[in-house]
Amino acid sequence: MKPPPLRYVRPASLDDAVRVLADAGDDAKVLAGGQSLVPMLNLRLARTSVLVDVTRIADLTAIGAAQGGVEIGASVRQHAAATTPLVRERVPLVARAIAHIGHPQIRTRGTVGGSIAHADPAAELAAVALALEARLRVASVRGARELDAREFFAGPYMTALEADEILVSAAFPSVAGARTALLETAHRSGDFALAGVAVSLELDGEIVRAARVAGFGVGPTPVRVEAAERALAGQRLSAEVCREAAEAAADSVEPFDGPHASASYRRRLFGVLVDRALREAR
Ligand SMILES: Cc1cc2nc3c(=O)[nH]c(=O)nc-3n(C[C@H](O)[C@H](O)[C@H](O)COP(=O)(O)OP(=O)(O)OC[C@H]3O[C@@H](n4cnc5c(N)ncnc54)[C@H](O)[C@@H]3O)c2cc1C
């Protein structure tokens with residue numbers, strides 16, 4: 001199946017792109033790598049009469065140092081981000097997450113911003129945005145605004161983006177000395193995760209000064225797992241504390257029953273992954 005006829009536009013600048021979106025009202029969609037949107041249009045799970053291709057806009061394709069971390073343009077391809085030395089050095093969790101996305105062909109076309117804006121509950125990059133407290137820059141004809149990743153994910157495949165807004169970039173902070181880990185389990189390599197976790201820990205010696213734990217595949221959106229973070233804060237990162245935090249994490253998420261795994265299996269799996277990720281970060 002193919003979508004009904006639609007207009008394809010490829011603006012050269014961010015100003016042109018936001019103007020096209022504003023003129024089209026609710027009837028336009030941003031096209032990035034097309035790895036999620038095109039199949040949805042073909043299957044008629046999504047509809048639009050204007051496709052606004054943002055992959056050639058220079059403002060959206062840069063990677064640069066920002067506030068000790070890295071700002072990645074929304075249209076940067078996932079493979080390009082994962083292989084950029086600045087990203088690998090300053091925010092290795094981003095590169096690690098991308099290695100789990102689909103297959104090489106998907107990562108070559110798919111973009112960092114597309115993955116975040118698509119807001120799949122099992123998206124690795126969305127969880128990393130939460131775990132690293134990424135700042136998301138957004139633009140429209142009404143101006144620019146910046147959102148915290150925690151206010152961005154509103155529901156399954158739903159975000160705080162208005163219909164006329166474009167995600168411009170994601171700025172991932174880097175905390176010197178932070179220990180990070182990302183683990184997931186999927187039926188096959190390249191499949192979406194049944195459950196996964198991204199962890200960032202700041203330690204004073206063996207004591208946890210700050211913990212950020214984000215789960216994916218275990219609820220309607222990627223989530224910050226505050227129960228686990230509370231169980232870790234101020235504690236010596238012993239095996240027992242890791243286990244207690246993992247139990248708190250498993251108890252606090254709201255996984256769903258699905259064709260690939262039951263909710264109870266995902267919950268149990270999540271606890272195991274959190275425990276392992278914490279011990280790995282340690
Ligand atoms: C077989 C397969 C396996 C996959 N496995 C995984 C996986 O394991 N983990 C994972 O996370 N993903 C997976 N994906 C999805 C992949 O990561 C996509 O690349 C990603 O979801 C969307 O990125 P894209 O650039 O292709 O965006 P598109 O498909 O072009 O767009 C996706 C959505 O985001 C919106 N959008 C895109 N860019 C912007 C922007 N700059 N501003 C505002 N809105 C925007 C679009 O309008 C659309 O609604 C898989 C895909 C396939 C086909």
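Author: Let's start with a term: Ala, Val, Leu, Ile, Met, Phe, Trp, Tyr, Cys and Pro count as nonpolar, Asp, Glu, Lys and Arg as charged, and the others, Gly among them, as polar. Sorted that way, the lining of the second largest pocket in this predicted model has nine nonpolar, four polar and four charged residues.

Reader: What makes a residue part of a lining?

Author: One of its atoms has to lie within 4 Å of a grid point of the pocket. The second largest pocket holds about 370 Å³ of space. Its lining comes to 17 residues, with A122, F192, A193, H260 and R266 closest to the centre.

Reader: And the largest pocket, what is its volume, and which residues lie nearest its centre?

Author: Its volume is about 1200 Å³. There are 49 residues in its lining, and S36, L37, G114, A117 and H118 lie nearest the centre. The elements that give two or more residues are β2 (28-31), α2 (37-42), α7 (112-118), β9 (158-159) and β10 (166-172). With five residues, α7 gives the most. By class, you get 25 nonpolar, 17 polar and seven charged residues in this lining.

Reader: Where does the ligand sit, and how do you know?

Author: The ligand sits in the largest pocket. To say that, more than half of its atoms must lie within 2 Å of the pocket's grid points, so the ligand passes that test. β2, α7 and β10 are the elements that give two or more residues to the shell around the ligand, and α7 has the largest share, four residues.

Reader: Why is a residue said to be near the ligand?

Author: One of its heavy atoms has to lie within 4 Å of the ligand. The shell has 28 residues, and V30, Q35, S36, L37 and T111 come nearest. By class they are 13 nonpolar, 13 polar and two charged.

Reader: What makes something a polar contact here?

Author: A pair of N or O atoms has to lie within 3.5 Å. A polar side-chain atom of T111 is 2.6 Å from a ligand oxygen, so that pair makes the cut. The side chain of S36 has an N or O atom 2.7 Å from a ligand oxygen, so S36 counts too. For G33, a polar backbone atom is 2.8 Å from an oxygen of the ligand, so this pair also qualifies.

Reader: How much of the ligand's accessible area does the protein cover?

Author: On its own the ligand has 960 Å² of accessible area, and the protein covers 87% of that.

Key. Residues are numbered from 1 along each chain as its sequence is written. This is a predicted model: local features need pLDDT of at least 70, side-chain atom pairs count only at pLDDT 80 or more; totals for chains, interfaces and linings use all residues. Side-chain values use heavy atoms; hydrogens and water are left out. On a 1 Å grid over the protein atoms alone, a cavity is a set of points where a 1.4 Å probe fits but cannot get out, and a pocket is an open set with protein on both sides within 12 Å along at least five of seven lines; lining residues have an atom within 4 Å of a point. Grid points are joined across faces, edges and corners, and a volume is the space filled by probe spheres set on the points. A polar contact is a pair of N or O atoms within 3.5 Å; within protein, one must be able to donate a hydrogen and the other to accept it, and residues adjacent in sequence count only if both atoms are side-chain atoms. Accessible areas come from the Shrake-Rupley method with a 1.4 Å probe; for residues, only the protein chains shown count as cover.
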